[in-house]
Amino acid sequence: MWLYLAALLGLYFLRRWYQERQTVENLTEKYVFITGCDSGFGNLLARQLDARGLRVLAACRTQKGAEQLGKATSERLKTTILDVSSTESVAAATEWVKGCIGSKGLWGLVNNAGTALPSGPNEWLTKDDFAKVINVNLLGMIDVTLHMVPLVRRARGRVVNISSVNGRLVIYGGGYCPSKFGVEAFSDSLRRELHPFGVQVSIVEPGGFQTNIFTQAVENLKKVWNRAPSDIKEVYGEQYLENYYQICQYTVNIASSKLHPVTDCMEHALTSCSPRTRYSAGWDAKFLYIPASYFPTSIVDFVVSCIQPKPAQAV
Ligand SMILES: NC(=O)c1ccc[n+]([C@@H]2O[C@H](COP(=O)([O-])OP(=O)(O)OC[C@H]3O[C@@H](n4cnc5c(N)ncnc54)[C@H](OP(=O)(O)O)[C@@H]3O)[C@@H](O)[C@H]2O)c1
């Protein structure tokens, strides 16, 4: 009986492995639009897909980022400037994409742009701080998607949304985790709605990787503390800041500096005949955060409370 089950399971994984290895045809004729290509995953993915011969339409937030990417890639790759938090900018980028692809349709939309600034314990932040992050990571993604989906539908293409393990498990405050939970919810509804049109939606959930978003959030922590109201500072105390900062710094130090596990997932979602619904990228995502997200809340609370620093006025 167990042998029979093991054989069935083995066959299932073998079949899945085989299906996932099949790639779509005519990749060199396919257009892929990527947001947030100045640095990090977006930048590497743009170069990776360009090297594979796809027609990459790379959106950078800054002119400098666009110029640098242009110099490092082939003439096939085209760049534009995009601020995903501005609907005017999103509309202009959509017109630009339409001009690039003509009647072909857009094979891939990769919603990668993101920010974690400002981040910190909830009470140190204001409503505006939460709004800044949610505006880019969630509302920006929704806006770009609503503008581009008709083009993706025409190509029966792919939408790849970059979430995070923090869209599955929350271990710190601020707008970042709520924005990524929103990304998960939006992507799930989008996948179900676009399925009848032959459009496939994948979610990529990276663990910790050493990119600007991560390092900047930690560097910015002291700024957030400095402008917190004095009564809040008394409640938490300088030692809390110091310990919190050390923990964050440690997580940055142990994070991987090799970004390809994430961009390989993005590339697979765009090029495989059988893309996955969810990709977890990084050993910490696979073996720590995603499994822990299924644990009872009381267990996760206990573990997090053991790691978190104690506020000065903790009871
Ligand atoms: N690194 C990690 O550990 C990690 C883990 C899980 C998920 N992620 C997600 O991965 C995605 C890429 O981040 P990354 O790690 O590669 O960090 P990154 O190097 O900071 O890349 C983020 C990109 O988004 C751009 N961006 C920021 N605000 C924007 C806006 N309003 N409009 C357009 N573009 C904007 C940034 O441009 P500027 O640099 O000019 O601001 C940058 O090019 C993000 O969605 C992030 O949440 C990262």
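Which residue in β2 is the bridge partner of Val32? In this predicted model, the partner is Val56. The two strands involved are β1, residues 31–34, and β2, residues 55–60. Their pairing is parallel and runs over four bridges.

The β1–β2 pair belongs to an open sheet of seven strands. Strand order across the sheet is β3-β2-β1-β4-β5-β6-β7, with parallel pairing. β3 (78–81) lies at one edge and β7 (278–281) at the other. Each of these two edge strands pairs on one side only. From one strand to the next, the twist averages 15°.

The N-terminal segment was examined next. UniProt, in an unreviewed entry, annotates residues 1–19 as "signal peptide". In the model, this stretch is 95% helix and 0% strand. The C-alpha atoms at its two ends are 27 Å apart. Helix α1 spans residues 2–21, and a loop links α1 to β1. Asn26 is located in that loop. Asn26 is not a glycine, yet its phi is positive, at about 55°.

A second backbone feature occurs in the loop between β4 (108–111) and α5. Pro118 is found in this loop. The peptide bond from Leu117 to Pro118 is cis. Its omega is near -5°.

The ligand is surrounded by 29 residues. The closest are Gly36, Gly40, Ala113, Gly114 and Thr211. Three elements each give two or more residues to this shell: α2 (40–51), α5 (127–155) and α7 (212–219). By class, 16 residues of the shell are polar and 10 are nonpolar. The other three are charged. Gly counts as polar in this tally.

Helix α7, one of the contributors to the ligand shell, also packs against another helix. The partner of α7 is α10, residues 238–254. The axes of α7 and α10 are 10 Å apart, and the packing angle is about 160°. Angles over 145 degrees count as roughly antiparallel. The two helices, α7 and α10, are therefore roughly antiparallel to each other. Their crossing is left-handed.

Technical notes. Residues numbered from 1 in each chain as written. Predicted model: local features only at pLDDT ≥ 70, side-chain atom pairs only at ≥ 80, totals over all residues. UniProt positions renumbered as here; feature names shortened; annotations may be inferred. Near = placed C-beta within 6 Å. Pairing = 2+ DSSP bridges. Axes fitted to C-alpha atoms, helices over the stretch in contact; angles between N-to-C directions. Parallel < 35°, antiparallel > 145°, perpendicular 65-115°, else oblique. Left-handed = near helix turned anticlockwise from the far one by under 90°.
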